[in-house]
Amino acid sequence: MTMKSLCLAACLFVSLWPAPGVGNAAGQDSPPPGRPADENEKPFRDPFASETQQAKAQPKIKDPLQPMNRAFFHFNDKLYLWIVKPAGKGYNKVVPRPARTCVGRFFGNVKYPIHLVNNLLQGKFKAAGIETGRFVVNSTAGVGGFFDPAKRWKIEAHPANFDQTLGLYGLGPGIYFDWPVFGPSSARGTAGLAADGMLSPWFYIGGVGVVYGVPAYRELNSASLGLGDYESFKKATLDPYVAMRSAYYESRAEAVEKSRARNNARKVASISCARSGD
């Protein structure tokens, strides 16, 4: 799937936001194979979680396409276990970890246009300026971003993406998707992925080899730095599909809330400064 096709798909899936449940009422979770449905089953309550964590509202998940999503989840599971993991192990033997860490930093530095534009769209102009400073420092003193002197100089990163931007302006995540290769997403996340892809330099450089090859190498390098994490995740849950879906929604909701909290704090500070000047 090319990035242009992904953009068209994003427009289509955004239109599916209010879609009703398919296959079961309201897109409710289907029980895993071999496990009967229990109409009286209560939501899991973590006995070890703090009262604050328990009281925190969980994002509402709409999954009307669950049969299709589970099939794609199974495909991605085998893709990782049969191809990505063996390739990552071989890559680890050839490329030492410090070098792989530098490559990861390089790809992070290349995301600067995405971070810049979305910080500006979210009204976080100071964060946009800091991101610009990080990019300049790491692209020069950091040798193209392979090193991160900006972190040693206390110039902290302020990542932002279009999914977060849409969420900040009140657009809900919409229905859930588990895309082949791309993994967990939502209608909003798919639109965000397409928009951010348009800001990536790889979208404009080279042909098919660059469009597919560079992201594939980036993901291989990223996977090589975390081999074993996915297996541990699967062992820690009864239904990896539901756990992955919940983790995705919670992480995106947290990113939006953090961005909203920063904006609110900035507004309060501006009001306080204005009043003190009167």
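A residue counts as buried when its relative accessible area is under 20%, and as exposed when that value is over 50%. Keep that in mind for the views below, which come from a predicted model.

**Figure 1. Here is the whole protein, built from 12 helices and two strands.** Going along the sequence, the pattern runs α-α-α-α-α-α-α-α-β-β-α-α-α-α. Of its 278 residues, 32% are buried. About 16700 Å² is exposed, with carbon and sulfur atoms supplying 65% of that area. If you take the contacts with a separation of 6 or more, 74% of them join residues 24 or more positions apart.

**Figure 2. Helix α3 comes with a kink.** This helix covers residues 66-94, which makes 29 residues. From first C-alpha to last, α3 reaches 39 Å, close to the 42 Å expected at 1.5 Å a residue. The kink is about 40° and is centred on Tyr 80. Tyr 80 is also one of the buried residues of α3, along with Gln 66, Asn 69, Phe 73, Asn 76, Asp 77, Gly 88 and Tyr 91. As a general guide, an α-helix has 3.6 residues a turn, so residues three or four places apart point the same way.

**Figure 3. Asp 163 sits buried in this close-up.** You'll find Asp 163 in helix α8, which spans residues 162-168. Its relative accessible area is 5%, and the cut-off is under 20%, so Asp 163 counts as buried. A polar atom of the Asp 163 side chain lies 3.4 Å from the backbone nitrogen of Gly 189. Setting aside neighbours within four places in sequence, Asp 163 touches Ser 186, Arg 188, Gly 189, Gly 192 and Arg 252.

**Figure 4. Aromatic rings pair up here, with a count of 14 pairs.** Take Tyr 176 and Tyr 249: their ring centres are 5.8 Å apart and their planes meet at 45°, so this pair is tilted. Tyr 176 belongs to strand β1 (residues 176-179) and Tyr 249 to helix α12 (residues 240-277), so the pair ties together parts 73 residues apart in sequence. Tyr 176 is buried, at 0% relative accessibility, and Tyr 249 is buried too, at 3%. Now look at Phe 203 and Tyr 204: with centres 5.0 Å apart and planes at 85°, they make an edge-to-face pair. Tyr 204 has 56% relative accessibility, so this residue counts as exposed.

**Figure 5. Ring pairs can also link up into a cluster.** In this one, the members are Tyr 91, Phe 106, Phe 107, Phe 146, Trp 202 and Tyr 217. Tyr 91 is among the buried residues of α3.

Note on methods:
Residues numbered from 1 in each chain as written. Predicted model: local features only at pLDDT ≥ 70, side-chain atom pairs only at ≥ 80, totals over all residues. Heavy atoms only, no water. Helix = DSSP H or I, 4+ residues; strand = E, 2+ residues; numbered from the N terminus. Expected span 1.5 Å × (residues − 1). Bend = angle between axes of the 7 residues up to and from the residue. Buried < 20%, exposed > 50% of the residue type's maximum accessible area, 1.4 Å probe, protein only. Polar contact = N/O pair within 3.5 Å; in protein donor to acceptor, adjacent residues only side chain to side chain. Contact = heavy atoms within 4.5 Å. Phe/Tyr/Trp six-rings, centres within 6.5 Å; stacked < 30°, edge-to-face > 60°. Areas by Shrake-Rupley, 256 points an atom, 1.4 Å probe, with all protein chains shown as cover.
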